[in-house]
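Colleague: Got a minute to go through this one with me? I'd like to start with the DNA side and then look at the chains.

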Number of protein chains: 2
Amino acid sequence: MVAGPLPAPSGTGKDRLRLWIRLLRASRTIEAELRERLKKEFDTTLPRFDVMAALYRAPEGMLMSDLSRFLLVSNGNVTGIVDRLVSEGLVTRARRNGDRRTSMVRLTDEGTKSFATIAAAHEGWIGELLGKVSEEDARRLTGMLTSFRSNWEGRE
Amino acid sequence: MVAGPLPAPSGTGKDRLRLWIRLLRASRTIEAELRERLKKEFDTTLPRFDVMAALYRAPEGMLMSDLSRFLLVSNGNVTGIVDRLVSEGLVTRARRNGDRRTSMVRLTDEGTKSFATIAAAHEGWIGELLGKVSEEDARRLTGMLTSFRSNWEGRE
DNA sequence: CCAAGATATTTCAAGCTTAAAGTTTTATGC
DNA sequence: GCATAAAACTTTAAGCTTGAAATATCTTGG
């Protein structure tokens, strides 16, 4: 065989490591800002917002396991957050006839109304925080991240 | 927040919101994978790794406030993580002559050795997890994220 | 039917995280 | 000097997070 110079498998990992660090810092910076604003302006938290956002897209409701899969967090975690949302009257757990292990989690009317308000502010904040990223860059970056993600989907 | 596209049909913010969601999902996916491997292979955690990584770059040591600023986390948070690292013998708090409020936090020899091992594995993992991102894309993406960050530096 | 396994969820212990309040030490204005 | 403010850090309470163990329910092969 005419084995040419091997394509240096890891030799160039430096740029990827740098990318990861930037990625992490960017998302942490934005996350911190969002958390602070959610707390200050709506007296809520990011995890609660995440759960409500997921439920908002699913008027028919979601199972606990749907939620944890969609949000990329553990089962036990969702239990606690939903417990608190239920106790605040924003969400309900509806027992199902068919399978008594599960329950459909849904936004209440109050939860829906509350989320719509917060989501509008949230979208504005993101526009502001990412204001310096041009729409074109945003689309290109999104594309890169999407292809990255599809590389990982279904691994866990 | 790992929410899907919100129904708000605001014309211009849409792409940025989508970008934010992708960014968050990507970093959470990678973070989860790293956390799991750190636990399984080295019986440690991401926050511990982050602190040790910061200290590794600063052989002369860092103040608690330096650490919390650099890592983008709260003061009290760093206190707990450093406490645990100290109790494991990986880090020391050296009282300073000048200012008795502060102490220099440094890696111990054991901590340095331990971190070097873990960091090597970590760099390999990142190379693997971001393997589908070309080096060129990685550099371009890093550039975008860097300019974004500089937009925010000094705001808090 | 029913035992054995699979699923869906909750509980638990340990650790991470923040914001706010408290402690100790240093710096400053008068 | 010395009261007062500022700075560096720790403590605290509440909530988030995970992985593992426990519970309850459903499914399936015999």
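Colleague: Which helices each supply at least two residues of the surface near DNA strand C?

Modeller: From chain A, helix H3 (64–71) and helix H4 (75–87). From chain B, helix H2 (46–56) and helix H4 (75–87). Helices here are DSSP runs of H or I, at least four residues, numbered from the N terminus. This is a predicted model: local features need pLDDT of at least 70, side-chain atom pairs count only at pLDDT 80 or more, and totals for chains, interfaces and linings use all residues. Residues are numbered from 1 along each chain as written, chains are lettered from A and ligands numbered from 1 in the order written, and side-chain values use heavy atoms, with hydrogens and water left out.

Colleague: Which one gives the most?

Modeller: H4(B), with four residues.

Colleague: How many residues surround strand C, and which are closest?

Modeller: 25 residues surround DNA strand C (a heavy atom within 4 Å). The closest are Ser65(A), Arg101(A), Arg48(B), Ser74(B) and Arg84(B). By class, the surface has six nonpolar, 11 polar and eight charged residues.

Colleague: What part of the strand do they meet, sugar or phosphate, or bases?

Modeller: Of the strand C atoms within 4 Å of the protein, 77% belong to sugar or phosphate. The rest belong to bases.

Colleague: Where are the phosphate oxygens relative to Ser65(A)?

Modeller: One lies 2.5 Å from a polar side-chain atom of Ser65(A). A side-chain N or O atom of Asn77(B) is 3.1 Å from a phosphate oxygen of strand C. For Arg93(A), the corresponding distance is 3.2 Å.

Colleague: Switching to the protein. How does chain A lie on chain B?

Modeller: By a turn of 180° and a shift of 0.0 Å along the axis, with an RMSD of 0.1 Å (least squares on C-alpha atoms with pLDDT of at least 70 in both). That is the relation of a two-fold axis. The same surface serves both copies: 85% of chain A's contact residues recur in chain B.

Colleague: How many residues does the contact take?

Modeller: 60 from chain A and 60 from chain B (heavy atoms within 4.5 Å).

Colleague: What about salt bridges across that interface?

Modeller: The rule finds eight (a side-chain nitrogen of Lys or Arg within 4 Å of a carboxyl oxygen of Asp or Glu). One of them joins Arg139(A) and Asp15(B), with the closest N and O atoms 2.5 Å apart.

Colleague: And which helix gives the most to chain A's side?

Modeller: H1(A), with 20 residues. That side has 27 nonpolar, 11 polar and 22 charged residues (Ala, Val, Leu, Ile, Met, Phe, Trp, Tyr, Cys and Pro count as nonpolar, Asp, Glu, Lys and Arg as charged, the others, Gly among them, as polar).

How values were computed
Polar contact = N/O pair within 3.5 Å; in protein donor to acceptor, adjacent residues only side chain to side chain.
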